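I opened this model to see how its parts meet and where its rings gather. Here are my notes, in the order I looked things up.

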Amino acid sequence: MQNSLDRLNHNETEKTTPHDNYSDTQEWQELFNQFTTNIGEKALSELEEKIADDPVGYCCRELNKPVHELAELEQKFSSVFIPEIPIDTEKYIQNLNENVLNQVMPVSSPTFVGHMTSALPRHLPALGKILTALNQNLVKLETSHVLTVLERQVLGMMHKLVYGCDESFYKQWLHSGDYALAAFCSGGTLANLTAMWACRNQLMPADENFAGLKREGLARGLLHYGYNGVAILVSELGHYSLKKTVDVLGFGQDALISVDADKNGQICIDSLYSHLKNLRQRNIKLMAIVGIAGTTETGSIDPLDVLADIAEREQCHFHVDAAWGGASLLSERYRYLFKGIERADTVTIDAHKQMYVPMGTGMVLFRQPTLTDSIAQHANYIVRKGSKDLGRHTLEGSRSAMSLMLHSNLHLLGRQGFAQLIDSSIEKAQQFADIIRQQEDFELVSEPQLCLLTYRYIPPMVLTALRNAPESVRKKLHDTLNILNQNIQTIQWAAGKFFISRTSLRPVQWDRQPTTVLRVVLANPLTTLEILECMLEDQRELAQQNPLWQTLQNLIN
């Protein structure tokens with residue numbers, strides 16, 4: 001064996017240069033150098049230092065400017081021809097610097113408060129570079145080894161956070177090869193799909209005349225059990241990924257039944273009971289009730305304990321979509337808002353929301369690990385039976401080691417650090433809500449339960465007219481206000497200084513009319529109240545400069 005190693009290491013050229021017809025050509029050597037030398041090292045290092053070493057500074061210095069028109073960008077990126085020969089590395093880096101990276105969205109900026117993306121802890125860019133270099137694949141042990149064990153540990157930590165099982169439970173299940181406590185995936189969409197996939201496969205179990213839904217499919221299952229269809233009940237504020245889920249699983253989008261939300265953005269229990277009665281009358285099988293723990297639009301949290309009681313009585317699956325709110329379980333101060341989540345059969349959490357890891361880190365947790373047997377898959381060349389390969393219980397195959405990002409934050413920030421970040425963001429949202437209430441020309445539309453809130457610009461005279469004017473005038477005012485708020489958001493985003501998002505809600509206080517609102521997510525710890533006050537003032541100026549502002553005055557007069 002030693003002689004073989006000696007021969008392998010005897011000649012450096014033999015160790016690094018392939019013995020084939022290409023090896024003597026200059027083109028091959030240049031290509032080979034892409035894998036063995038630091039081509040363009042100076043240009044890459046400068047770019048890395050400017051962006052990866054100081055992402056917040058880069059966003060504030062370089063990206064605080066108007067965005068380019070989409071048509072202009074499309075023109076720059078219109079060629080569909082693959083270059084025949086390699087482009088000079090330094091020229092390529094220069095092109096990235098001048099035409100791409102200076103036009104990305106400044107998500108780390110404290111003035112970017114429109115979406116879940118936020119500034120990240122400073123250790124993560126370096127860790128991301130290491131993960132890219134190592135290129136591990138968490139589908140199986142042979143391409144990840146210790147990172148498989150680490151991922152199971154992280155999933156165990158998250159399971160413990162939600163379900164709080166005892167030590168003996170985790171000793172039995174944490175590193176089980178046959179089952180899984182949870183599964184990593186790219187985000188809440190695949191997490192919700194995985195949860196409902198597992199639920200579906202055990203919905204109609206096998207008997208002596210039926211091999212089970214997993215084997216024979218939904219059509220045969222419905223025929224065998226005599227059902228007219230399948231249904232999932234969720235609040236009208238449920239995430240759009242659930243529509244994808246029922247589509248992919250073969251139920252059809254009508255199987256996802258939308259239940260009214262109340263004035264607080266929570267699922268209306270009376271409406272839920274009405275739908276349950278209707279399903280029984282139509283002989284449609286209730287597959288699952290989905291509770292939302294942090295709606296995407298307003299951050300509202302459904303009464304999870306009540307939903308758990310109903311699901312138990314109906315003998316159906318109870319899933320909680322906590323993609324938004326799940327991280328708040330780390331806060332002792334606000335954990336009470338999630339009472340009942342520990343009774344869910346499955347839970348979705350996105351770590352790339354308020355656990356401050358990069359995009360692509362979702363999870364689905366299983367209260368009973370044996371549920372994963374209903375979705376287990378095997379192949380002779382990979383994820384073999386009896387192996388501890390993570391890919392046996394994931395919808396995705398190959399995926400990166402994003403669990404290491406979360407592992408690092410759990411240890412380097414700690415539970416108390418996370419709690420301080422979450423508490424601060426929720427309280428900042430409450431303070432911003434107070435500021436909005438003090439403005440005579442802004443209306444708070446949804447009270448913050450987490451770090452999200454919605455509001456809109458509305459002059460006081462228009463607000464009075466919306467309550468007292470004739471119906472025909474109120475309708476025109478309402479429609480004009482919607483367009484005005486859309487314009488405010490679009491123009492402010494294009495200017496590049498501030499960013500908020502917008503959505504359309506059906507507020508109870510406005511007779512459930514579709515209402516355009518401005519949406520703020522206050523997860524970034526660098527965002528201050530002073531920034532938010534400046535953002536409001538900028539929106540006020542944009543509104544008053546808009547021709548629609550005068551249109552509103554004319555409608556009133």
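**Entry 1: a charged pair.** I started with Arg506 and Asp260, whose side chains form a salt bridge, with 4.0 Å from N to O. I keep in mind that this is a predicted model.

**Entry 2: the domains.** Next I looked up how the protein chain is divided, and found domain 1 at 182-368 and domain 2 at 415-556. By those bounds, Asp260 falls in domain 1 and Arg506 in domain 2. I then took the centres of the two domains over C-alpha atoms and got a separation of 30 Å. To their contact, domain 1 brings 32 residues and domain 2 brings 26 residues.

**Entry 3: what lies between them.** How many salt bridges are there between domain 1 and domain 2? I got a count of seven. I also looked for polar contacts across this interface, and 13 residue pairs came up. On the side of domain 1 that touches domain 2, I sorted the residues into 12 nonpolar, 12 polar and eight charged.

**Entry 4: buried area.** A common way to give the size of an interface is the accessible area lost when the parts come together. For domain 1 and domain 2 I noted about 2300 Å² buried, with 54% of that area from carbon and sulfur atoms.

**Entry 5: the rings.** I moved on to aromatic pairs, and the count came to 10. One of them joins Trp173 and Tyr179 edge-to-face, with 5.6 Å centre to centre and 70 degrees between the planes. I checked both for burial or exposure: Trp173 is buried because its relative accessible area is 14%, while Tyr179 counts as partly exposed because its relative accessibility is 24%. Ring pairs also bring in Phe169 and Tyr170, which form a cluster with Trp173 and Tyr179.

Notes
Residues numbered from 1 in each chain as written. Predicted model: local features only at pLDDT ≥ 70, side-chain atom pairs only at ≥ 80, totals over all residues. Heavy atoms only, no water. Domains from an automatic or database assignment. Contact = heavy atoms within 4.5 Å. Buried area = accessible area lost by both parts, 1.4 Å probe. Polar contact = N/O pair within 3.5 Å; in protein donor to acceptor, adjacent residues only side chain to side chain. Nonpolar A, V, L, I, M, F, W, Y, C, P; charged D, E, K, R; others polar. Phe/Tyr/Trp six-rings, centres within 6.5 Å; stacked < 30°, edge-to-face > 60°. Buried < 20%, exposed > 50% of the residue type's maximum accessible area, 1.4 Å probe, protein only.
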